[in-house]
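Visitor: Please take me in for a close look at one part, the place where protein meets DNA. Then place it in the wider assembly.

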Number of protein chains: 2
Amino acid sequence: MASDQTRTSILAAAERLYADRGFGDVTLRDIVAEANVNLAAVNYHFGSKDELIAELFVTRSIATNRERLHELKTAEEQGGGRAPIDVILRALVGPTLRGCLGPQNQRSTAARFMIRASIESVPPIRRIKNREIDHLRKFIGAMRRSLPDRSDVEIYWGLNFALAMAHHTIRESERLTKLSEGKCDLDDVEDVVARVVSVATMALTAGKIEAKTPARALARDAR
Amino acid sequence: MASDQTRTSILAAAERLYADRGFGDVTLRDIVAEANVNLAAVNYHFGSKDELIAELFVTRSIATNRERLHELKTAEEQGGGRAPIDVILRALVGPTLRGCLGPQNQRSTAARFMIRASIESVPPIRRIKNREIDHLRKFIGAMRRSLPDRSDVEIYWGLNFALAMAHHTIRESERLTKLSEGKCDLDDVEDVVARVVSVATMALTAGKIEAKTPARALARDAR
DNA sequence: TTGCATTTCAAACAGTTGTATGAAACTATC
DNA sequence: GATAGTTTCATACAACTGTTTGAAATGCAA
C-alpha cells in the first residue's frame with residue numbers, strides 16, 4: 001500500500017486524455033507516456049484497461065451526482081420542500097455546462113470526462129450507467145413537487161429536453177460558433193445556462209399561468 | 001465496370017452494421033462477412049476503409065439534405081416565400097426522427113446511419129461534415145424570413161436547441177423509456193415530432209416584447 | 001477458341017492493441 | 001544488514017486491425 005503516486009498519476013493522465021480525445025483513440029501506451037510510468041503499471045494497479053475506465057467513471061459519477069444533489073437539496077430546503085422549477089433545472093445542467101464551456105483554462109477535466117462518457121458509451125461504462133437513472137429520478141421527484149399539476153409525462157419530457165440542450169450544446173459548441181460566425185458566445189457560460197434553463201422551463205410550464213423568471217435571458221438579444 | 005453487385009452489397013452491409021453497432025466496433029471482416037464477399041473486395045472497390053465510410057456518408061448526406069430542403073422549399077412556396085416557423089422546424093427534425101424512432105421494422109437504416117455519423121464523428125466523416133454547415137444556413141435563412149424581427153443570435157440558438165432535442169431524444173430513447181417506465185411513448189413518432197417542434201417554436205417566439213434584463217442577473221438571482 | 005482486362009480469392013503482411021512474465025529495484029521490518 | 005513483500009521495469013506475447021499480394025476465376029471482345 002505504498003505511495004499510490006503511480007496509481008494517482010495514471011488516473012489523472014487517463015482522465016485528461018479521455019476528456020480531450022475520447023475513449024476511441026487513447027491507448028494504454030498514450031496514458032503511461034502522459035503519466036510517466038511503465039506500461040505494466042496499469043494492469044498491476046487496476047487489473048485491466050476496462051477496470052481503469054470503470055474506476056474513473058464511478059468516482060466521477062458519484063462526485064458529480066453529489067454536487068448536483070447538494071445544489072438541489074439546498075434549493076428545496078430554502079423553499080420549504082419546493083424549489084422553483086428553473087432553480088431545479090439550473091442545478092441539473094449548470095455544473096456540467098460550467099465545467100465544459102467557458103475559457104479553456106478553467107474548464108473542468110472531470111466534467112469533460114463525464115461528457116465523453118455520456119457520449120461515447122464504451123462497454124465498461126455502459127454497464128455502470130444504469131445507476132444514473134436512480135439519480136435522475138431524484139430530479140424527477142423535485143420537479144414533480146415544483147409543478148404538482150403537471151403530468152408525469154410532461155415532467156419526463158422536460159427533463160429529457162433540458163439534458164438534450166445542455167449536452168448537445170457542449171458537444172456541438174464548435175459547430176454552433178462556426179455556424180453563427182461567432183455571434184453565439186459559448187464562452188459566456190452563464191448566458192448559455194440561462195438560455196437552456198429558460199427554454200426548458202417554458203417547455204415545462206407552457207399553457208400555464210405565466211412563470212416569473214423565464215424568457216428573461218432571451219430578451220437580451222431581442223433589441 | 002461489371003456487375004457492381006459486390007460493391008453494392010458491401011455498401012448495404014456496412015451501412016446496416018454501422019447503423020446498428022456504431023463505427024467503433026465494426027471491422028472490415030464483420031462487413032465482408034455480412035456482405036458475403038471476400039475481405040480484399042473492400043480495398044479493391046473503395047481503396048480503403050475510410051473511403052468506404054466517406055462514400056457512404058456523402059451519399060446519405062446529399063440524399064438527406066435534398067429531402068429536408070424539398071420539404072422546406074414546398075412550405076415556403078405555399079406561403080409565398082415565408083413559411084411558418086413550426087413548419088420549418090418540422091422539415092428540419094421530422095425526417096430524422098421518423099427514420100430513427102417508431103416501430104423497428106419501419107426504421108430507416110439511412111437515418112440511423114446518419115445519426116451514428118453525427119454522434120461518433122469518426123475522422124473521415126469529420127472532414128466532410130463542414131459542408132453540412134452550408135446546408136444548415138439555408139434553414140437559418142428560412143427561419144429569418146419567417147421571424148423577421150428576431151435577432152440572428154436567437155435564430156441560431158433556436159436551431160441549435162431544435163437539433164439538440166431531436167438528436168438527444170433519438171440517442172437516449174431507451175433511457176427515456178426506462179426512466180419514464182414506458183410513460184413516454186417513443187414509438188408514437190408524430191407525438192415526439194410535435195413535442196420537439198413545439199418547444200423549439202416556443203424558444204424562438206417567446207418573450208418578444210420584454211425588458212432588457214441582462215442574462216447575468218438571472219444567474220445571480222437564482223441562488 | 002484465343003487473348004486480355006476485370007474481378008475474386010486465400011493467404012500473408014506489418015502495425016497496433018491490451019495483457020502477461022520474470023527479473024530487477026525498492027521499502028519496511030526485524 | 002538480511003529478509004520478505006511490494007512495486008517497477010523491459011520485454012515478449014497473442015490477438016486483432018487494415019492492407020497488400022499474386023494467383024485463380026470470370027467476363028467479354030476478337
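Visitor: How far is a phosphate oxygen of DNA strand C from a polar backbone atom of A:L28?

Guide: The distance is 3.0 Å. This is a predicted model, in which local features need pLDDT of at least 70, side-chain atom pairs count only at pLDDT 80 or more, and totals for chains, interfaces and linings use all residues. Residues are numbered from 1 along each chain as its sequence is written, chains are lettered from A and ligands numbered from 1 in the order in which they are written, and side-chain values use heavy atoms, with hydrogens and water left out.

Start with strand C. Around DNA strand C there are 16 residues, of which A:T27, A:L28, A:R29, A:K49 and B:T6 come nearest. (A residue is near a strand if one of its heavy atoms lies within 4 Å of it.) Of the strand C atoms within 4 Å of the protein, 55% are sugar or phosphate.

Two side chains also reach phosphate oxygens of strand C. A polar side-chain atom of A:K49 is at 2.5 Å. An N or O atom in the side chain of B:T6 is at 2.3 Å. (A polar contact is a pair of N or O atoms within 3.5 Å; within protein, one must be able to donate a hydrogen and the other to accept it, and residues adjacent in sequence count only if both atoms are side-chain atoms.)

Now the elements. At least two residues each come from α2 (28-35) and α3 of chain A and from α3 of chain B. α3(B) has the largest share, three residues. (Helices are DSSP runs of H or I, at least four residues, and strands are runs of E, at least two, numbered from the N terminus.) By class, the surface has seven nonpolar, six polar and three charged residues. (Ala, Val, Leu, Ile, Met, Phe, Trp, Tyr, Cys and Pro count as nonpolar, Asp, Glu, Lys and Arg as charged, and the others, Gly among them, as polar.)

Turn to strand D. The nearest of its 16 surrounding residues are A:T6, A:H45, B:T27, B:R29 and B:K49. Here 54% of the strand atoms within 4 Å of the protein belong to sugar or phosphate, and the rest to bases. The side chain of A:H45 places an N or O atom 2.9 Å from a phosphate oxygen. B:L28 uses a backbone N or O atom, at 3.0 Å. B:N43 brings a polar side-chain atom to 3.3 Å. α3(A) gives the largest share of this surface, three residues.

What relates the chains? A rotation of 180 degrees with 0.0 Å of shift along its axis superposes chain A on chain B, RMSD 0.1 Å. That is the relation of a two-fold axis. (Copies are superposed by least squares on the C-alpha atoms of residues with pLDDT of at least 70 in both.) In chain A, A:A164 comes closest to the axis, its C-alpha at 2.7 Å.

The chains also touch each other. Contact joins 56 residues of chain A to 52 of chain B, counting heavy atoms within 4.5 Å. Of the interface residues of chain A, 82% are also interface residues in chain B, so the copies meet through the same surface. Five salt bridges link the chains. (Each is a side-chain nitrogen of Lys or Arg within 4 Å of a carboxyl oxygen of Asp or Glu.) One of them joins A:D152 to B:K183, with the closest N and O atoms 3.4 Å apart. On the chain A side, α9(A) gives the most, 15 residues.
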